Amino acid sequence: MRERRGLLEKENPQISQRRQAALLAVARSSAAYQPVPEREADRQVMRLMDGLYLKAPSLGSRPLVTLLEREHGILINRKRVRRLRQAMGLEAIWCRPRTTVPARSHRKYPYLLRNLKIDRPNQVWCTDITYVPMPVGHAYLCAVMDWHTRKVLGWTVSNTMDTELCLNALQKALSLTGTKPEIFNTDQGSQFTSEEWTGRLTELGIAISMDGKGRWMDNVFIERLWRSVKYEEIYLKEHATLGALRAGVGDWFQRYNGWRPHAALGKLTPCAYYDRSVAATLTEAREALSAP
C-alpha cells in the first residue's frame with residue numbers, strides 16, 4: 001500500500017489524481033496525508049510504558065495507570081494508556097478462553113515446539129517485533145533468531161510495523177545462512193498471520209508454528225533478547241535518527257553474536273556455538289550416508 005501511494009503523481013498532465021488513485025486501488029485522500037508528530041508527553045509515557053512492559057508484560061491498563069502515577073508522578077487515564085499501548089504494538093499477556101475462530105484470511109497455526117527436542121541449528125527459527133522509543137517519534141525492531149544457538153541471523157529497523165519489516169528480516173537471515181529452518185515460530189500478531197508472511201514460509205517449505213494466545217514463554221528467547229538490547233543499547237543511547245539507531249543496534253548485535261559469551265552455550269558466543277553445531281550436524285549427516 002505504501003509503495004502504491006508513492007506512485008501517485010500530483011503534476012501528471014494526462015491522468016488526474018482521482019483516476020490514478022482508482023487505478024492503483026488507494027484512497028485519494030491518503031496522497032495528501034501528512035503524519036502528525038507525536039507529542040513530547042506521549043513519547044515520555046510510551047518510553048516509561050515500554051520499560052514497565054519488559055518488567056511485567058502481564059500488567060493491564062489499571063495497574064499501569066497506578067504505577068505511572070506512583071513511580072513517575074504522571075496522571076493519566078486508562079483510555080490514553082490503551083491508545084498509546086496499541087500504537088506501540090503491545091498487549092498485556094494473560095491466558096484467556098478461546099471464544100472466537102479466526103477468519104481464513106488470518107489463519108492461526110498450532111504451536112509445534114511443545115515437547116519437541118531442539119538440539120541442532122536451523123531446526124527452529126523464531127522472530128518478533130519490539131517497539132523502540134526515540135527522542136522524536138519511535139521505530140520498530142524485528143529480529144530472526146536461531147532457537148538452538150541463540151544467534152541473531154537477521155534484523156531490520158523501520159518506523160512502520162508492517163509485514164514488510166518482518167519479511168526483510170527473514171530475507172537477511174536466509175541470505176546470511178544460505179539455508180532455511182525446518183520450523184519457524186512466531187506469535188499470533190497480524191504481521192505473522194498475514195498471507196504475505198505465511199505464504200512466504202509455505203513457499204519455502206517451512207513448517208509454521210505460532211505461540212498460544214497470551215503465551216509469551218512460548219517465544220522466550222527472543223523476549224530475553226529484547227530486554228538485553230533495550231537496557232544495554234537503546235535506553236542508554238536514545239538514538240535520535242533511524243540511521244543512528246540502525247548503526248547502534250547493528251554494533252550491539254555484532255557484540256552479542258561474536259563477542260559475548262553465554263553460560264547456556266558452554267561460555268561460547270552464539271556465532272561460535274552456531275558454527276560448531278552446523279559442523280557437527282554436517283559430520284553426522286556424512287557419517288549416516290556413508291554407513292553400510
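**View 1. Strand β1 is covered on both faces**. Val124, Cys126, Asp128, Thr130 and Val132 on one side are all buried, as are Trp125, Thr127, Ile129, Tyr131 and Pro133 on the other. Buried means under 20% relative accessible area, exposed over 50%, and partly exposed in between (1.4 Å probe, protein chains only). The strand spans residues 124–133, and 10 of its 10 residues are buried. In a regular strand, side chains alternate between the two faces of the sheet. Helices (H or I, at least four residues) and strands (E, at least two) are DSSP runs, numbered from the N terminus. The model is predicted: local features need pLDDT of at least 70, side-chain atom pairs count only at pLDDT 80 or more, and totals for chains, interfaces and linings use all residues. Residues are numbered from 1 along each chain as its sequence is written, and side-chain values use heavy atoms, with hydrogens and water left out.

**View 2. Strand β1 pairs with β2 and with β4**. Strands pair if DSSP finds at least two bridges between them. Nine bridges link β1 to β2 (residues 138–146), and these two strands run antiparallel. Cys126 has Met145 as its bridge partner in β2. Four residues separate β1 from β2 in a hairpin. In the turn, Gly137 has a positive phi of about 80°. Three bridges link β1 to β4 (residues 183–186), and here the strands run parallel. Phe184 in β4 is the bridge partner of Trp125.

**View 3. Helices α4 and α5 cross at roughly 105°**. Helix α4 covers residues 61–72 and helix α5 covers residues 78–88; their axes come within 9 Å. Axes are lines fitted to C-alpha atoms, for helices over the stretch in contact, and angles run from 0 to 180 degrees between N-to-C directions. The crossing makes α4 roughly perpendicular to α5. Angles under 35 degrees count as roughly parallel, over 145 as roughly antiparallel, 65 to 115 as roughly perpendicular and the rest as oblique. Ser61, Arg62, Leu64, Val65 and Leu68 of α4 meet Arg78, Val81, Arg82 and Arg85 of α5. Contact means heavy atoms within 4.5 Å. By class, this α4 and α5 contact has four nonpolar residues, one polar and four charged. Ala, Val, Leu, Ile, Met, Phe, Trp, Tyr, Cys and Pro count as nonpolar, Asp, Glu, Lys and Arg as charged, and the others, Gly among them, as polar.

**View 4. Helices α6 and α8 pack at about 25°**. The axes of α6 (residues 163–177) and α8 (residues 195–204) are 10 Å apart. This angle makes α6 roughly parallel to α8. From α6, the contact uses Thr163, Cys166, Leu167, Leu170, Gln171 and Leu174. From α8 come Glu196, Trp197, Arg200, Leu201 and Leu204. The α6 and α8 contact holds seven nonpolar, two polar and two charged residues.

**View 5. Cys142 and Cys166 are not bonded**. The whole structure has zero disulfides, a disulfide being a pair of cysteine sulfur atoms within 2.5 Å. The closest cysteine sulfur to that of Cys142 is in Cys166, 4.2 Å away, which is too far for a bond. Cys142 is buried at 0% relative accessibility. Cys166 is also buried, at 0%.

**View 6. Asn115 and Arg150 have positive phi**. Asn115 is not a glycine, yet its phi is about 65°. Asn115 sits in the loop between α5 and β1 and is exposed, at 82% relative accessibility. Arg150 has phi near 70°. The loop between β2 and β3 (152–158) holds Arg150, which is buried at 18%.
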